[in-house]
Amino acid sequence: MATRTTGDLTGPTHGTGDAADRAGDAAVLTAHGVRRAFDGRPVLAGVDLAIAAGEVVALLGGSGSGKSTLLRILAGLDADATGGARVRGTAAVVFQEHRLLPWKRVGDNVALGLTGPDVRARVDRALTEVGLADRRRAWPAELSGGQAQRVAVARALVREPDLLLLDEPFGALDALTRLRMQSLLRRLRAEHGFAALLVTHDVEEALLLADRILLLDGGVIAEEIVVDLGPVGHAADRPARSPEQPAFGALRRRLLDRLGVPAV
Ligand SMILES: Nc1ncnc2c1ncn2[C@@H]1O[C@H](COP(=O)(O)OP(=O)(O)OP(=O)(O)O)[C@@H](O)[C@H]1O
């Protein structure tokens, strides 16, 4: 977990790219010309992207395409990248692993780094929002994987982020828990209006949750797909989007083709 207000990566900052221009002044995140190599091998070769306030963007790509590397850079966790990246407001990160401190109770994990007289109330509110109001005094080891990940979401939420950076946040969960977490994210988004960058290699998850999908390939954003399937919605009983929609299936197939997954 990390938060940050604004900042540039090391290296020169150039003019914004097309994507950044589209999000314009409303952008909560802009990145341009982001590059990163490991041992002389380029992984990111000039990434441009922009996310508008309140927009949810999924970052899809094959294994090893550099998704996590990019997210770490955007979160300000990689000092060796070059290019420009700027977050307007507060960003919070949720990783695939919950990264809770095992020696702190749930409530203290959520409160980590917060100050002020209302911390307890804010923590209680965040835990209530993820359905864990009664686990404030539990130890992380006493939680299920899904509950621990809910605490990680609460720890991000309590900071009232303008932008959530989500790196495969539900990737380690079983299928049913994953669906519940997706539904939780939709509800929280509707209530809080944060923007999010969601790293995933689950095409269906991207289609269910995102307004826009960016495909990372060859070290650049190789394709951008606007997910024109109606509002993301959050009502579990009547989801606005569903895999049953013919257009959903068509987009799913197109993305799988693009990722090189053969039809069965
Ligand atoms: N700290 C590091 N040192 C050396 N190589 C690294 C490091 N971090 C990432 N890489 C390499 O960079 C490439 C991209 O890794 P990254 O984890 O960003 O991919 P990814 O798209 O998130 O993959 P996955 O979907 O499998 O998680 C990989 O080849 C990886 O081995």
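**Close-up 1. Helix H2 and the shell around the ligand.** In this predicted model, helix H2 (residues 67–74) gives the most to the shell around the ligand, contributing three residues. The residues to look for around the ligand are Phe38, Val43, Gly61, Ser63, Gly64, Ser65, Gly66, Lys67, Ser68, Thr69 and His201. Sorted by class, eight residues of this shell are polar, two are nonpolar and one is charged.

**Close-up 2. The open sheet S3-S2-S5.** Here three strands form an open sheet in the order S3-S2-S5, with antiparallel pairing. Strand S3 (41–52) and strand S5 (82–87) stand at the edges and have a single partner strand each, so one side of each is left without a neighbour in the sheet. On average, neighbouring strands of this sheet are turned by 15 degrees against each other, direction ignored.

**Close-up 3. Strands S2 and S5, with H2 lying across.** Strand S2 (residues 27–38) and S5 run antiparallel and are joined by five bridges. To pick out one pair, start from threonine 30: its bridge partner in S5 is arginine 86. Helix H2, met above at the ligand, lies across S2, S3 and S5 and runs at about 125 degrees to S2.

**Close-up 4. Where domain 1 touches domain 2.** The domain assignment of the protein chain gives domain 1 (3–90 + 161–258) and domain 2 (100–160). Their contact takes 13 residues from domain 1 and nine residues from domain 2. On the side of domain 1 that touches domain 2, the largest share comes from helix H6 (residues 175–192), with five residues. By class, that side of domain 1 has nine nonpolar residues, three polar and one charged.

**Close-up 5. The hairpin of S9 and S10.** Strand S9 (residues 212–217) and strand S10 (residues 220–226) pair in the antiparallel sense over six bridges. One of the pairs to find is aspartate 217 with its bridge partner in S10, valine 220. The hairpin has two residues between the strands, and glycine 218 takes a positive phi near 65 degrees.

**Close-up 6. Helix H8 and the glycine that follows.** Helix H8 (residues 246–258) has 13 residues, which at 1.5 Å a residue should span 18 Å. The end C-alpha atoms of H8 are 19 Å apart, in agreement with that expected span. After H8 comes glycine 260, whose phi is positive, near 80 degrees.

Methods
Residues numbered from 1 in each chain as written. Predicted model: local features only at pLDDT ≥ 70, side-chain atom pairs only at ≥ 80, totals over all residues. Near = placed C-beta within 6 Å. Helix = DSSP H or I, 4+ residues; strand = E, 2+ residues; numbered from the N terminus. Nonpolar A, V, L, I, M, F, W, Y, C, P; charged D, E, K, R; others polar. Domains from an automatic or database assignment. Contact = placed C-beta atoms within 7 Å. Pairing = 2+ DSSP bridges. Axes fitted to C-alpha atoms, helices over the stretch in contact; angles between N-to-C directions. Expected span 1.5 Å × (residues − 1).
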